[in-house]
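Reader: Could you walk me through this model and show how each label follows from its cut-off?

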Amino acid sequence: MKKNVPKNGEVVKNTPHVIRWIEDFRGKVWDRVVTCLTGMRPSGRLHLGHYKWALENWIALQNNPNIKNNFLIADYQVLGDHLWDTERLRASVIDMVIDWLAVGLDPKKSNFVVQSYVPEFAELFNLLTMFTPYSVATNNPTLKDEMKKIENRGEGENSFVSLWFINYPVSQVADIMLPYGEIVPVWEDQIPHIELARKIIKKVNTMYGTDFPLPLAMISETPRLVWTDGSDKMSKSLGNTIYLTATLKEITAWVNSMYTDPGKTNVQAKWNLEKHVVFKYLDIFYKDKAHLEDLKKRYVEWWEHSVGDGEVKKLLIKVLDELIAPIREQREYYKNNMDLVISSIAEWSQNVRNMGQDLLSELKEKMWILDYGREFRR
Ligand code: TRP
């Protein structure tokens, strides 16, 4: 039976359910095999933000022999608030799988799981809703935010919050629990869902004497990516993004449209590089930190060193193209070899189905919903 909390993981004060992504995570932190589950909604093509927030970390997890990884394609979850959009969603599933393969995720090393292919998720979800007080389910800041967004869609028939939607965090608890998930790499907005998971699973364990692991959220240290104008996080629903499929031409146009420094309007003002979108991206994506610091220094003292926006943008274009070009190429490869993508998609979920059946029969046995005739049989 699995133990609850992994031993030497760095635990942040007052939030024992959250681990920060730690640099020395690779290899030495865990002293046994730890199960990881994380997922993505297939709702469109993936962009740089997905790469930095998620995929890059997932690849590091995949390369860690102490971690058993499950990567979920959350097709039911996205359907839950896009009922009218089935045709596009269908294409998004395949698109997302191709993106995953192109960045180096490998279904031979990690379980790829399609949510709708695993009916055990739905069965566990059904049981877990019984353990969830209504007040706990609805008092979830992320859910509340998302409900508001749906309501703001206007008067149309797509602007209603469905019962399923209110329940989606519970469905996410089933996603995590079914393969005995212990660490859940997610963006910060998902932390309330992990807290919910711990509450529900703890309740199951205390009521029925089970020992299912209480999951930890694993939070990436990567700062949010901003729009080219410097505002808000980069989001696929908002346009203004750079996809993992971008051509050099698209990358160039995108970087050139970036807002640089408000200090520009006032030469006297101390230039605030924190607001300089190009430098913000270089901070995240450019590995040669010494060169970057030097460049920043020379940029701020531009009257002596003549480093202008042109030079900085050119560097960012190069850095991003070096990152995206191999992904683009791999993507082409998979697009031309679709049988590699689709031939095994149905099989990928089988491992998780098997684990799920184990978990469900244990839980149902404990809940006495197995074999009602048992007591009468001789
Ligand atoms: N809600 C996640 C997202 O929007 C996707 C997801 C579904 C997920 N099930 C999960 C993430 C379970 C972590 C664990 O990207």
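Author: Gladly; what follows takes the labels in turn, each with its rule.
This is a predicted model, in which local features need pLDDT of at least 70, side-chain atom pairs count only at pLDDT 80 or more, and totals for chains, interfaces and linings use all residues. Residues are numbered from 1 along each chain as its sequence is written, and side-chain values use heavy atoms, with hydrogens and water left out.

Reader: How many helices and strands does the protein have, and what makes a run count as one?
Author: The protein has 17 helices and six strands. Both are DSSP runs numbered from the N terminus, a helix being H or I with at least four residues and a strand being E with at least two.

Reader: Why is histidine 47 called buried?
Author: Buried means under 20% relative accessible area, exposed means over 50%, and partly exposed lies in between (1.4 Å probe, protein chains only). Histidine 47 has 1% relative accessibility, so it counts as buried. Its place is in the loop between β2 (34–40) and α2 (48–62).

Reader: What does the side chain of histidine 47 reach, and at what distance?
Author: It reaches the backbone nitrogen of glycine 49 at 2.8 Å. A polar contact is a pair of N or O atoms within 3.5 Å; within protein, one must be able to donate a hydrogen and the other to accept it, and residues adjacent in sequence count only if both atoms are side-chain atoms.

Reader: Tyrosine 180 and tryptophan 368 each have a positive phi of about 60° although neither is a glycine; are they buried or exposed?
Author: Tyrosine 180, in the loop between α8 (163–177) and β5 (183–186), has 10% relative accessibility and therefore counts as buried. Tryptophan 368, in the segment after α17 (350–366), has 61% and so counts as exposed.

Reader: Which residues are closest to the ligand, and what makes a residue part of its surroundings?
Author: The rule for being near a molecule is a heavy atom within 4 Å of it. Here 13 residues surround the ligand, and the closest are Arg41, Gln77, Gln172, Asp175 and Gln190. β2, α8 and β5 each supply at least two residues of that shell.

Reader: How do you know that glutamine 77 makes a polar contact with the ligand?
Author: An N or O atom in the side chain of glutamine 77 is 2.8 Å from a nitrogen atom of the ligand. A polar side-chain atom of arginine 41 lies 3.1 Å from an oxygen atom of the ligand, and one of glutamine 190 lies 3.1 Å from a ligand nitrogen. The protein covers 88% of the 370 Å² of accessible area that the ligand has on its own, where areas come from the Shrake-Rupley method with a 1.4 Å probe and, for residues, only the protein chains shown count as cover.

Reader: What makes arginine 331 and aspartate 99 a salt bridge?
Author: The rule asks for a side-chain nitrogen of Lys or Arg within 4 Å of a carboxyl oxygen of Asp or Glu. Their side chains meet at 2.6 Å, N to O. Arginine 331 lies in helix α14 (residues 309–336) and aspartate 99 in helix α4, so the pair ties together parts that are 232 residues apart in sequence. Both residues are buried.

Reader: Where do lysine 366 and glutamate 362 lie?
Author: Both are in helix α17, four residues apart, about one turn of the helix. Their side chains meet in a salt bridge at 3.7 Å, N to O. Lysine 366 has a relative accessible area of 35%, so it is partly exposed.
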